[in-house]
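Biologist: Please walk me through this one, and tell me how each label is earned.

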Amino acid sequence: MQHNCLSYRYTSSGTIDRWSFSSPDAEGRTVVLEPQGNAVFNDDDSMLRAAAQGIGLVQHIDLCVRRQLADGTLVRVLRPWCKPFPGFFLYVPSRAQMPAKIRALMDFLVEQRLQLDQEKRDILG
């Protein structure tokens, strides 16, 4: 069975974002493919709107589509093949003598993460 896969094109390089899947078996091999479909987007909002209208499938991080998944606007497919997104990482040279701006950014990101976790708990019940 073939599906219309909606593609994302990076504006900086012009390349199409490839989709990566991890097999659910013990081998855990990675499968990478370039999505094939009739639409290519360079912004998330348009791509997600097209998916919500039933035009095709998208691959996106949970963080950006959690509300659409919760309200049923979007439906998750291939769950066994999609490992949870572990989150973003911030690398800094050293915690010693850290600039106040970096500390403020770190505090903000931690606060946002806690807020997202609470929203997720509220959505899931």
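**How the labels are earned**

Biologist: Why is cysteine 64 called partly exposed?

Modeller: Cysteine 64 has a relative accessible area of 37%. Buried means under 20%, exposed means over 50%, and partly exposed lies in between (1.4 Å probe, protein chains only). The value for cysteine 64 falls in between, so the residue is partly exposed.

Biologist: Before we go on, what should I know about where the values come from?

Modeller: This is a predicted model, in which local features need pLDDT of at least 70 and side-chain atom pairs count only at pLDDT 80 or more, while totals for chains, interfaces and linings use all residues. Residues are numbered from 1 along each chain as its sequence is written, and side-chain values use heavy atoms, leaving out hydrogens and water.

Biologist: Thanks! How many disulfides does the structure hold?

Modeller: Zero. For cysteine 64, the nearest cysteine sulfur is that of cysteine 82, 15 Å away. For cysteine 82, the nearest is the sulfur of cysteine 5, 12 Å away. A disulfide is a pair of cysteine sulfur atoms within 2.5 Å, so neither cysteine 64 nor cysteine 82 is in one. Cysteine 82 is partly exposed too, with a relative accessible area of 33%.

Biologist: What makes tyrosine 8 and tyrosine 10 an edge-to-face pair?

Modeller: Rings of Phe, Tyr and Trp (its six-membered ring) pair if their centres lie within 6.5 Å; planes under 30 degrees apart count as stacked, over 60 as edge-to-face and the rest as tilted. The structure holds two aromatic pairs. In the pair of tyrosine 8 and tyrosine 10, the centres are 5.4 Å apart and the planes meet at 80°, which makes the pair edge-to-face. Tyrosine 10 is partly exposed at 36% relative accessible area.

Biologist: And how do you know how to class the pair of tryptophan 19 and phenylalanine 21?

Modeller: Their ring centres are 6.4 Å apart and the planes stand at 75°, so this pair is edge-to-face as well. Tryptophan 19 is buried, with a relative accessible area of 7%, and phenylalanine 21 is buried at 9%.

Biologist: Serine 22 interests me: why is this residue called buried?

Modeller: Its relative accessible area is 15%, and that puts serine 22 on the buried side of the cut-off. Serine 22 belongs to strand β2 (residues 19–22). Contact means heavy atoms within 4.5 Å. Apart from neighbours within four places in sequence, serine 22 contacts Arg29, Thr30, Pro80, Trp81 and Lys83.

Biologist: What makes helices and strands count, and how many does the chain have?

Modeller: Helices (H or I, at least four residues) and strands (E, at least two) are DSSP runs, numbered from the N terminus. The chain has three helices and four strands, in the order β-β-β-β-α-α-α from the N terminus on.

Biologist: Let's look at α1: how do you know where its buried residues lie?

Modeller: The buried residues of α1 are Met47, Leu48, Ala50 and Ala51. Seen down the axis, these fall within an arc of 155°, so they line one face of the helix; the arc is that of the directions from the helix axis to the C-beta atoms. Among the elements covering them are β1 (7–8), β4 (40–41) and α2 (62–71).

Biologist: And alanine 52, is this residue buried or partly exposed?

Modeller: Partly exposed, with a relative accessible area of 35%. Alanine 52 lies in α1 (residues 44–52) and touches Thr73 and Leu74, not counting residues up to four places away in sequence. Its C-alpha atom is 5.8 Å from that of leucine 74, although the two are 22 residues apart along the chain.

Biologist: What makes phi of leucine 78 worth pointing out?

Modeller: Phi of leucine 78 is near 60°, a positive value in a residue other than glycine. Most residues other than glycine have a negative phi. Leucine 78 sits in the loop between α2 and α3 (100–124) and is partly exposed, at 46%. Glutamine 97 also has a positive phi, near 55°, and lies in the loop between α2 and α3. Its relative accessibility of 81% makes glutamine 97 exposed.
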